[in-house]
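The following exercises concern pockets, aromatic contacts and backbone geometry. Each task is followed by a solution in steps.

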Amino acid sequence: MPLSGFERRHGELYCEGASLSAIAEKADTPTYVYSGTTILDNYRSYAAALSTLPHEIHYAVKANSSLGILALLAREGAGFDIVSGGELFRVLQAGGDPARVVFSGVGKTRQELVYALEQGTGWFNCESEAELRLLAELASDAGAAPSVALRVNPNVDAQTHPYIATGLSAHKFGIDIAEAERIYRRADEFAPLRLEGVSCHIGSQIFNTQAFFDALDLVLALIERLRDDGANITQLDLGGGLGVAYKPSDTTPVIADYASRLAALLQGRGLKLTLEPGRSIVGQAGVLLTRVLYRKPAATKTFIVVDAAMNDLLRPALYQAHHEIVPVIDRQRPNLRADVVGPVCESGDFLAKDRDMPDVQPGELLAAATAGAYGFVLASNYNARPRAAEVLVEGDRWRIIRDRESLDDLIRGERT
Ligand SMILES: *Cc1c(COP(=O)(O)O)cnc(C)c1O
């Protein structure tokens with residue numbers, strides 16, 4: 001199963017030392033459950049492989065921004081990659097160090113930039129000359145001199161789902177390399193900003209690491225040209241994007257292999273490397289626990305109606321994504337062909353479609369695997385459904401890191 005930190009004991013699925021049935025008993029369903037040890041192991045795989053190189057690991061908050069998870073990584077010494085003022089607020093609430101935050105994103109507002117400068121955000125990855133100009137003006141007003149990288153668009157094909165590929169000229173992200181080069185040459189115009197980095201993020205859920213190395217070649221060549229021209233480029237941010245397994249047959253890049261190859265390539269170049277991994281830190285560390293409500297036989301298949309829906313886990317509807325669905329209690333039984341669907345009034349509301357799976361019964365608990373990244377963060381209140389609870393497991397201990405929303409939460413801030 002494409003999960004780590006989860007195992008079966010006498011047929012029952014555990015997250016580390018905690019039984020998922022026991023968690024569902026207390027926390028109810030739907031509930032996201034994360035293995036803290038797996039999250040830390042993944043983070044440490046990056047850190048260990050890069051230990052010979054000056055580096056920063058900025059966990060990409062958008063993959064999973066729950067405070068309990070941010071706090072876990074902050075305590076471990078992680079920096080953070082954010083794409084909004086809200087994510088910065090979350091990082092600060094979780095005890096993250098603003099000096100070790102990089103603010104990425106194509107549409108930062110004036111308000112967000114002012115807030116980020118006030119809070120002492122250490123690093124900005126800028127995606128247009130207009131943004132750079134605004135940031136320079138605001139930094140000057142605030143008496144700040146943050147470090148800045150231009151996010152370049154290397155025009156390499158990440159070979160991933162079109163919605164999460166970001167490194168082609170056709171995408172809204174980054175600045176064309178030749179254009180970036182012209183901007184770096186005019187760095188003085190953007191004082192007090194310190195244009196000392198180059199950044200690049202070509203997409204997400206990438207299996208073929210050659211795309212990263214192709215992008216790296218282009219970025220290193222750019223840095224060489226800029227340095228020849230007298231620019232003081234000291235940082236290279238290669239973004240996130242390493243893929244994880246969703247299907248048992250997926251063969252994914254290994255964090256340690258990828259990061260140690262980067263470390264070898266960058267040795268002795270006088271560059272600090274920043275990575276912004278999100279999915280590869282949390283993806284396989286989480287499941288969405290849900291309970292079967294009804295079985296509904298139809299002409300060619302059976303609908304398994306569960307209490308989790310597209311508002312809880314949007315990936316199948318948004319990306320046609322595959323999540324393995326497994327019963328929490330495993331036992332001998334026939335398979336059937338089923339759609340696993342939620343209660344939301346949309347035919348796009350499914351967790352699995354035409355799936356060959358165990359013939360599960362009403363009342364049974366199921367786990368949707370590899371739900372740690374881009375799971376809860378994409379949850380909504382569609383159909384006025386309160387958002388799910390979240391549980392963090394560390395060893396034998398587990399705790400609720402987010403309460404299930406109440407009916408009152410659903411109308412907070414509203415008036416008739
Ligand atoms: C989404 C994103 C990441 C993280 O990508 P993963 O595939 O989750 O590792 C990193 N950097 C930037 C700029 C992003 O937009």
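**Exercise 1. Pockets**

About 280 Å³ of space lies in the second largest pocket of this predicted model.

Task: State how many residues line the second largest pocket, which lie nearest its centre, and how the lining divides by class.

Solution. Step 1: The lining comprises 14 residues, and those nearest the centre are Gln-205, Tyr-246, Arg-315, Ala-321 and His-322. Step 2: By class, five of the lining residues are nonpolar, six are polar and three are charged. Step 3: Domain 1 (6-34 + 283-410) and domain 2 (36-279) each contribute at least three residues to this lining.

Task: Describe the largest pocket by volume, lining and contributing elements.

Solution. Step 1: The volume of the largest pocket is about 660 Å³. Step 2: It is lined by 35 residues, with Lys-62, Val-83, Thr-166, Phe-173 and His-201 closest to the centre. Step 3: The class division of this lining is 14 nonpolar, 13 polar and eight charged residues. Step 4: At least two lining residues come from helix H10 (279-282), and at least two from helix H11 (315-319). Step 5: The lining of the largest pocket also takes at least three residues from each of domain 1 and domain 2.

**Exercise 2. Aromatic pairs**

Task: Classify the geometry of the pair Tyr-32 and Phe-376, and state which parts of the chain the pair ties together.

Solution. Step 1: The count of aromatic pairs is seven. Step 2: For Tyr-32 and Phe-376, the ring centres are 6.0 Å apart and the planes stand at 75°; the pair is therefore edge-to-face, the cut-off being over 60 degrees. Step 3: Tyr-32 belongs to strand E4 (residues 31-35) and Phe-376 to the loop between strand E19 (365-368) and strand E20 (389-394), so the pair ties together parts 344 residues apart in sequence. Step 4: Tyr-32 and Phe-376 are both buried. Step 5: Together with Tyr-34, these two residues form one aromatic cluster.

Task: Determine the geometry of the pair Tyr-59 and Phe-80, and whether each residue is buried or exposed.

Solution. Step 1: The centres of the two rings lie 6.4 Å apart with planes at 80°, so this pair is edge-to-face. Step 2: Tyr-59 is in strand E5 (residues 55-60) and Phe-80 in strand E6 (residues 79-82), 21 residues apart. Step 3: Tyr-59 has 0% relative accessibility and therefore counts as buried. Step 4: Phe-80 has a relative accessible area of 1% and is likewise buried.

**Exercise 3. Backbone geometry**

Task: Identify which residues are joined by cis peptide bonds, and where the prolines are found.

Solution. Step 1: Thr-29 and Pro-30 are joined by a cis peptide bond with omega about -5°. Step 2: Pro-30 is in the loop between helix H1 (20-27) and E4. Step 3: Another cis bond links Ala-191 and Pro-192, with omega about 5°. Step 4: Pro-192 is placed in the loop between helix H7 (177-185) and E11.

Task: For Asp-28 and Gln-320, give phi, and state whether each is buried, partly exposed or exposed.

Solution. Step 1: Most residues other than glycine have a negative phi. Step 2: Asp-28 has a positive phi near 65°, and this residue is found in the loop between H1 and E4. Step 3: With a relative accessible area of 43%, Asp-28 is partly exposed. Step 4: Gln-320 has a positive phi near 50°, and its place is the loop between H11 and strand E16 (325-327). Step 5: At 59% relative accessibility, Gln-320 is exposed.

Terms used:
Residues are numbered from 1 along each chain as its sequence is written. This is a predicted model: local features need pLDDT of at least 70, side-chain atom pairs count only at pLDDT 80 or more; totals for chains, interfaces and linings use all residues. Side-chain values use heavy atoms; hydrogens and water are left out. On a 1 Å grid over the protein atoms alone, a cavity is a set of points where a 1.4 Å probe fits but cannot get out, and a pocket is an open set with protein on both sides within 12 Å along at least five of seven lines; lining residues have an atom within 4 Å of a point. Grid points are joined across faces, edges and corners, and a volume is the space filled by probe spheres set on the points. Helices (H or I, at least four residues) and strands (E, at least two) are DSSP runs, numbered from the N terminus. Ala, Val, Leu, Ile, Met, Phe, Trp, Tyr, Cys and Pro count as nonpolar, Asp, Glu, Lys and Arg as charged, and the others, Gly among them, as polar. Domain bounds come from an automatic or database domain assignment. Rings of Phe, Tyr and Trp (its six-membered ring) pair if their centres lie within 6.5 Å; planes under 30 degrees apart count as stacked, over 60 as edge-to-face and the rest as tilted. Buried means under 20% relative accessible area, exposed over 50%, partly exposed in between (1.4 Å probe, protein chains only).
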